[in-house]
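Please open the structure in your viewer and keep the selection tool at hand. This tour proceeds from one selection to the next.

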Amino acid sequence: MSEKIKEKFKEILEYYDNNPFLSLIPILNFIQDEEGFISEERIKEISEFLGIKENLIYETLTFYHFLSLEKKDKKTLYICKNISCLLEGAEEILEYLKENKDKLNFDFKECECIGLCDFAPAGLLDFKPLKNLSIEKIKELNEKI
């Protein structure tokens, strides 16, 4: 583990009153932001640092949509599939994405509510909010990436 990562882990742990369980998600988010995914090596390091069993870290990782165990070559577009977004057209967007998967310059995933119900259908690309999505906006996005 590099000194930079070790210092950041310590900083996060101290911020959360040295509670390893409260620190786990912020540490996972830090690694995800820094490296784009969370490797098995990092899981072992986090386990040793926090004193949390590796299987608990895996369970946490697989529960949250935005954390990944795999390195990705493409950006990922998350499409919200909660009721507000579905009522405003998310289902049609998801259908379009599935039908045109091979033509896309990005990956996509369905996700639970991202808190943008006023701007439904909504999504996230690299955690940047995309509001009032449409198939036309998806096509434009695909050309820009």
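The stops below concern aromatic rings, a charge beside a ring, and one helix.

The model on display is predicted. A search of the whole structure finds five aromatic pairs. Begin by selecting Phe63 and Tyr64: their ring centres are 4.9 Å apart and their planes stand at 90°, so this pair is edge-to-face. Are these two residues buried or exposed? Phe63 counts as exposed because its relative accessibility is 59%, above the cut-off of 50%. Tyr64, at 39% relative accessibility, counts as partly exposed.

Next, select Phe9, Phe30 and Phe49. Ring pairs join these three residues into a cluster.

Then select Phe119 together with Lys131. What sits over the ring of Phe119? It is the charged end of Lys131, located 4.4 Å from the centre of the ring.

Finally, select helix α7, which spans residues 135-144. Colour Ile138, Leu141 and Asn142, which are buried. These residues cover an arc of only 100° around the axis, and therefore lie on the same side of α7. A general rule of helices is helpful here: an α-helix has 3.6 residues a turn, so residues three or four places apart point the same way. Now turn to the other side of α7, where Glu143 and Lys144 are exposed.

To complete the tour, display the elements against which the buried residues of α7 pack. They are the strands β1 (76-80), β3 (123-125) and β4 (128-130), along with helix α6 (90-99).

Technical notes
Residues are numbered from 1 along each chain as its sequence is written. This is a predicted model: local features need pLDDT of at least 70, side-chain atom pairs count only at pLDDT 80 or more; totals for chains, interfaces and linings use all residues. Side-chain values use heavy atoms; hydrogens and water are left out. Rings of Phe, Tyr and Trp (its six-membered ring) pair if their centres lie within 6.5 Å; planes under 30 degrees apart count as stacked, over 60 as edge-to-face and the rest as tilted. Buried means under 20% relative accessible area, exposed over 50%, partly exposed in between (1.4 Å probe, protein chains only). A charge sits over a ring if NZ of Lys or CZ of Arg is within 6 Å of the ring centre and within 35 degrees of the ring normal. Helices (H or I, at least four residues) and strands (E, at least two) are DSSP runs, numbered from the N terminus. The arc is that of the directions from the helix axis to the C-beta atoms. Contact means heavy atoms within 4.5 Å.
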